[in-house]
Amino acid sequence: MDTIIEYNTGATLSLVKEGYITQDLLIRPIEHKSSSVNVDGRPGVVRESIDYGARVIILPIVFIAKDQLDFVLRRDKLFSIFSDLEPFYIYEGRPTYKTSTYEFELPGQTWGENSQLPNNIEILKGKRYKVIRTNMNEVEQDGLLGKVDVEFETYQLPFAESAGTTLDARTFDRDVWQTGQGLIAVDPTTLKYVFQNETSFKVYNAGDVPLKTNLRDMCLEIEFRGASTNLSIRNVTNGTHWQYNGSGGTNDVIKLETPTRFTKNGNSIFKDTNRKTFVLSPGWNTIQISGASQFLISFKFKFYYK
C-alpha cells in the first residue's frame, strides 16, 4: 500500500517513492462526545447534548535499509516527514493486484527492482482526510527492518471530504473522483449544480453528511446573480429557508458562504436576512426560488463522509 500526503502548498509526497511501505491505513469511527448530568433519585444520566468528536487514523509503516547507516538516515527522514506542525491531507493507496503481502529486495537489489514491491498502486484521490499528527512511536529495529506506527487525528471536521467540488467536471479522468463516493450515473442535465431562471429544481448531495451554512470549515457556497426582491431560497426536502429582505439589481451577486457569511457584492447583508441556517441534506434536495425570475444560481460544495 501507499499513502499520499498533500501539504497546504499543494505539494505532494508518496511514502512508497520515499522508500516506505504503508502496511495499512487504520481509520477508526468518529468519536461521539456527549454532555450529561446525574440527577439525584433518578437512575442513569440525563443526556444534555451529543455531537461528533474527532477521528483517529493510524498509519503502520515499514521500511528496509541497505545498511546500518542507511537505517539511521531513513529513520530520521521519517521523523522529518511527520514533524510538520501544520495540518495536511492524506490519501489512501491500494495495490491493483490481488495480494496482501509485500516482499523486500533480495541481496544486491535496489529499491523497486523486486516485482513484488508495491509499484502497481491506485491512489484513491476522490476522498481525503485533513489530519494532524498526534503521536509517533519510536522506530522499532529488527536487523535492517524498521517499523513504526504514526497516529493522526482529523483536523477541524472529522469527516472524509471529496477532493473535488460540485463545479468540477464529474469524470473519473478528472483525477478527483473515485468509486464509492455516492455519485450516481444520471443524465448530466439532471445532475447539475448551476441553474438559470429555474424556480424549482433538485440539488444532489452525494455525501452522507448534511451541509450547513453555519458550520465552520465546511465548503458550501451558494451564489445568486440577478435582480431580486425579497429573495427566498427554500429547501422543501428539509424545511430550511433563507431569505434576503432587500433588493438586488441585474449585476448584483448575492452569496451564502460558510460559516454564516451572507454578502451582496462582497458586503455583509446578514442583518437584512432572516439569519437562518440553510441545509443541504444527503441525497436529493428540492429547492424553490422566489422573489426573482431572471437569474443564475450555483451550488458549490464538497461531499463529506462519516
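**Exercise 1. Which residues does F82 touch, not counting residues up to four places away in sequence?**

Solution. Keep in mind as you work that this is a predicted model.
- Step 1: Begin with the partners of F82 that come before it in the chain, which are I5, L15, L59 and I61.
- Step 2: Now add the partners of F82 that follow it, namely F88, R133, M136, V150 and F152.
- Step 3: Put F82 in its setting. The largest nonpolar core has 67 residues, and F82 is among those with the most contacts inside it, along with I233, W242, I297 and F299.

**Exercise 2. Describe the protein chain as a whole, and find where the model calls for care.**

Solution.
- Step 1: Count the elements. The protein chain holds one helix and 27 strands.
- Step 2: Look at burial and surface. Of its 306 residues, 43% count as buried. The accessible surface is about 16000 Å², and carbon and sulfur atoms account for 46% of that.
- Step 3: Ask how far along the sequence the contacts reach. Take contacts between residues at least 6 apart in sequence: 69% of these join residues at least 24 apart.
- Step 4: Check the confidence. The mean pLDDT is 88, with 90% of the residues at 70 or more.
- Step 5: Find the weak stretch. Over residues 104-117 pLDDT stays under 50, and the model has 29 contacts beyond four places in sequence for this stretch. Where pLDDT is low, predicted coordinates should not be read in detail.

**Exercise 3. Work out the strand order of the open four-stranded sheet that contains β25, and say why β14 and β19 each have a side without a neighbour.**

Solution.
- Step 1: Take β14 and β25 (residues 283-290), which pair in the antiparallel sense over six bridges. Within this pairing, F201 has I287 as its bridge partner in β25.
- Step 2: Move on to β18, which pairs with β25 through four bridges, again antiparallel. Here I233 is matched with I289 of β25.
- Step 3: Add β19. Three bridges join it to β18 (residues 232-235) in the antiparallel sense, and R234 has H241 of β19 as its bridge partner.
- Step 4: Assemble the order, which is β14-β25-β18-β19. Because β14 (200-205) and β19 (241-243) are at the edges with a single partner strand each, one side of each has no neighbour in the sheet.
- Step 5: Add the twist. On average, neighbouring strands of this sheet are turned by 20° against each other, direction ignored.

**Exercise 4. Which strands stand at the edges of the open six-stranded sheet?**

Solution.
- Step 1: Write down the order, β13-β26-β16-β21-β22-β23, with antiparallel pairing.
- Step 2: Read off the ends. The edge strands are β13 (194-196) and β23 (267-268), and each has a single partner strand, so one side of each lacks a neighbour in the sheet.
- Step 3: Inspect one end closely. β13 pairs with β26 (residues 295-301) over three bridges, in the antiparallel sense, and Q196 stands opposite L296 of β26.

**Exercise 5. Find the backbone features of the loop between β21 and β22.**

Solution.
- Step 1: Locate P259, which sits in the loop between β21 (253-257) and β22 (261-264). The peptide bond leading from T258 to P259 is cis, with omega near -5°.
- Step 2: Go on to T260, which lies in the loop between β21 and β22. Its phi is near 50°, a positive value in a residue other than glycine.
- Step 3: Classify the exposure of T260. Its relative accessible area is 35%, so T260 is partly exposed.
- Step 4: Turn to another loop for a further positive phi. R275 lies between β23 and β24 (279-280), and its phi is near 60°.

Terms used: Residues are numbered from 1 along each chain as its sequence is written. This is a predicted model: local features need pLDDT of at least 70, side-chain atom pairs count only at pLDDT 80 or more; totals for chains, interfaces and linings use all residues. Side-chain values use heavy atoms; hydrogens and water are left out. Two strands pair if DSSP finds at least two bridges between them. Helices (H or I, at least four residues) and strands (E, at least two) are DSSP runs, numbered from the N terminus. Axes are lines fitted to C-alpha atoms, for helices over the stretch in contact, and angles run from 0 to 180 degrees between N-to-C directions. Buried means under 20% relative accessible area, exposed over 50%, partly exposed in between (1.4 Å probe, protein chains only). Contact means heavy atoms within 4.5 Å. Accessible areas come from the Shrake-Rupley method with a 1.4 Å probe; for residues, only the protein chains shown count as cover. pLDDT is the predictor's confidence in each residue, from 0 to 100. A nonpolar core is a set of buried Ala, Val, Leu, Ile, Met, Phe, Trp, Tyr and Cys residues joined through side-chain atoms within 4.5 Å.
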